[in-house]
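Reader: I'm new to reading protein models. Could you walk me through this one, a bit at a time?

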Amino acid sequence: MITPTLRRALLWMVLLPGIVCADPLPSWQPGDTKRALIEFVEGTTTVGSEDYLPRSQRIAVFDNDGTLWAEQPYYFQLAYALERAEKADHSELPEPLAKALERGDSAAVLGSGVEGLTALLALSHANLSVTDFQADVGQWLASARHPQTARPYTAMVYQPMLELLSYLRDNGYLTYIVSGGGADFIRVFAEPVYGIPPWQVIGSLGELELVEEAGRWVTMKRPGVAWLDDGMNKPLSIERVIGQRPAIAVGNSDGDYPMLVWTTQGEGPRLGILVHHTDKAREFAYDRESHIGKLDKALDEAGPRGWIRVDMARDWRQVFPPQP
């Protein structure tokens, strides 16, 4: 005869293995890095812990390029800009940039400096409404492919980071993107890919103008950069938009260094996480000498500042999500 006590015991025998063995970060290798991440989250979300944080203070900010998705051989937003600019009228571009676009020389475009890249963004991103721009980005993302892996760009996201985002949200954290990339561009895919809504995306901003078209007010993108959200500007953006220091900051380059320093200098439990691209076989290996995602000063200071350095080759079981 199965008594109520025995029935409860049998039920726990069935449920307990799933509860005990549930791994919030299955794509992360066992080891110090994974352990430190879990210990920090558990410490800041367990009532009675000396590191406990109320929900209002559980904020995590993530860089995008090179942190949540790949950034080599060049930024994916630049790939979009190049493709759109190649189809546009080049007559008003500086001659070297126009010729580079005509022959599809991305290296020369990248080497055109601030003036050239600003002209490229004006050509590919300006004089259309934000709505039309985002619709065009969505269409491009649906068909464009990474030049080396042939994956859709939205499949070049990092599976371990998707798991970390979900793990943090499951434990009451708000997750924000703080990127040097364009906010209007990232907002197109941030929610379906990362689970981050548009209002939690902080990025670089182009000039905008409110105009009336056929009796409707429309926000139009205009040439020029209103705010470059990189380096020292990242903490300023966080202060202006969120209004407090995050508990966690995650980046991969010297452009993220000020954000990690500012975050981890706050009072109470703080965590800096630096993603180091060490996996040439499964992704890319680069740091100090790279023109894209240069990691030099932040790499030197990660240890002394107590940040977690994620070694992609060592710490990740897999890099990208499985192909459908």
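**A walk through the model**

Author: Let's start with a single residue: T44 sits in helix 2, where helices (H or I, at least four residues) and strands (E, at least two) are DSSP runs, numbered from the N terminus. This is a predicted model, in which local features need pLDDT of at least 70 and side-chain atom pairs count only at pLDDT 80 or more, while totals for chains, interfaces and linings use all residues. Residues are numbered from 1 along each chain as its sequence is written, and side-chain values use heavy atoms, with hydrogens and water left out.

Reader: Okay, is T44 buried or exposed?

Author: Here's the scale: buried means under 20% relative accessible area, exposed over 50%, and partly exposed in between (1.4 Å probe, protein chains only). T44 has 1% relative accessibility, so T44 counts as buried.

Reader: What does T44 touch, not counting residues up to four places away in sequence?

Author: Contact means heavy atoms within 4.5 Å. With residues up to four places away in sequence set aside, the list for T44 is D51, Y52, L53, R58, Y173 and P269.

Reader: And T45, what is its relative accessible area?

Author: T45 is in helix 2 too. Leaving out residues up to four places away in sequence, T45 touches Y52, R58, N171 and Y173. T45 counts as buried because its relative accessible area is 19%.

Reader: How many strands form the open sheet, and in what order?

Author: Two strands pair if DSSP finds at least two bridges between them. The pairing in this open sheet is mixed. There are eight strands, in the order 2-5-4-3-1-6-7-8.

Reader: Why is one side of strand 2 and of strand 8 left without a neighbour in the sheet?

Author: Strand 2 (128-129) and strand 8 (308-311) stand at the edges of the sheet. One side of each is left without a neighbour there because each has a single partner strand.

Reader: In what sense do strand 6 and strand 7 pair?

Author: In general, strands of a sheet pair through backbone hydrogen bonds, either parallel or antiparallel. In strand 7, G272 is the bridge partner of A249, and L274 stands opposite G251. Over four bridges, strand 6 (residues 248-251) and strand 7 (residues 271-276) pair in the parallel sense.

Reader: Which residues of strand 7 point one way, and which the other way?

Author: In a regular strand the side chains alternate between the two faces of the sheet. Strand 7 is mostly covered, with six of its six residues buried. L271, I273 and V275 point one way, and the other way point G272, L274 and H276.

Reader: Which strands does helix 2 touch as it packs on the sheet?

Author: Helix 2 covers residues 32-45, and its direction makes about 135° with that of strand 8. That angle comes from axes, which are lines fitted to C-alpha atoms, for helices over the stretch in contact, and angles run from 0 to 180 degrees between N-to-C directions. The strands helix 2 touches are strand 6, strand 7 and strand 8.

Reader: Which residues have the most contacts inside the largest nonpolar core?

Author: A nonpolar core is a set of buried Ala, Val, Leu, Ile, Met, Phe, Trp, Tyr and Cys residues joined through side-chain atoms within 4.5 Å. The largest one has 66 residues, and those with the most contacts inside it are M161, Y194 and I248.

Reader: Which helix gives the most to this core?

Author: The helix you want spans residues 76-86 and gives seven residues to the core. Nine of its eleven residues are buried, including F76, L78 and Y80. That's helix 3.

Reader: How much space lies in the largest pocket?

Author: On a 1 Å grid over the protein atoms alone, a pocket is an open set of points with protein on both sides within 12 Å along at least five of seven lines, a cavity is a set of points where a 1.4 Å probe fits but cannot get out, and lining residues have an atom within 4 Å of a point. Grid points are joined across faces, edges and corners, and a volume is the space filled by probe spheres set on the points. The pocket's lining has 43 residues, and helix 6 gives the most to it, with seven. The space in the largest pocket is about 1,200 Å³.

Reader: Which strand gives the most to the lining of the largest cavity?

Author: About 40 Å³ of space lies in this cavity, and among its lining residues are N64, W69 and S179. With three residues, the strand that gives the most is strand 3.
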